[in-house]
Amino acid sequence: MTKCPRCGKEVSSRPGTICPRCGLKVYEANEKIRCPEPNCKALVSKKLEYCPKCGCKLKNYNFSDFIKMARCKIDESLNQKE
Ligand SMILES: [Zn+2]
Ligand SMILES: [Zn+2]
């Protein structure tokens with residue numbers, strides 16, 4: 001069992017649970033992601049923008065930051081060849 005973050009009613013913690021009292025999608029509100037920081041890797045709520053443990057940005061990390069990192073790597077390897 002877990003508690004509905006909006007109204008506090010006890011609801012099932014199974015995936016797909018919707019609060020019978022207020023209709024909140026509890027499974028979405030309680031969904032956790034892992035902090036992308038390799039030294040941290042804390043489990044944090046998906047709703048947060050920053051990791052409460054290390055303070056790094058969580059949102060869009062996997063996409064834009066990954067592309068930025070990949071671009072830096074490509075630039076580095078190009079510069080090395082010249
Ligand atoms: Zn509720
Ligand atoms: Zn973190």
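## Report on a zinc-binding model

The protein exposes about 6,600 Å², of which carbon and sulfur atoms supply 51%; such areas come from the Shrake-Rupley method with a 1.4 Å probe, and for residues only the protein chains shown count as cover. This is a predicted model, in which local features need pLDDT of at least 70 and side-chain atom pairs count only at pLDDT 80 or more, while totals for chains, interfaces and linings use all residues. Residues are numbered from 1 along each chain as its sequence is written, and side-chain values use heavy atoms, with hydrogens and water left out.

The secondary structure comprises two helices and four strands, in the order β-β-α-β-β-α from the N terminus. Helices (H or I, at least four residues) and strands (E, at least two) are DSSP runs, numbered from the N terminus. Of the 82 residues, 18% count as buried, that is, under 20% relative accessible area (exposed is over 50%, partly exposed in between; 1.4 Å probe, protein chains only).

The zinc ion (ligand 2) has the protein donors C35 (SG), C40 (SG), C51 (SG) and C54 (SG), lying 2.2 to 2.3 Å from it. Donors are N, O and S atoms within 2.8 Å of the metal (3.2 Å for Na, K and Ca); water is not among the atoms, so sites may look incomplete. In sequence, the donor residues are spaced C-x4-C-x10-C-x2-C. C40 and C51, eleven residues apart, link distant parts of the chain. Two donor residues are compared below.

| Residue | Location | Relative accessible area |
|---|---|---|
| C40 | loop between β3 (32-34) and β4 (43-45) | 15%, buried |
| C51 | loop between β4 and α2 (61-81) | 3%, buried |

Terms used. Chains are lettered from A and ligands numbered from 1 in the order in which they are written.
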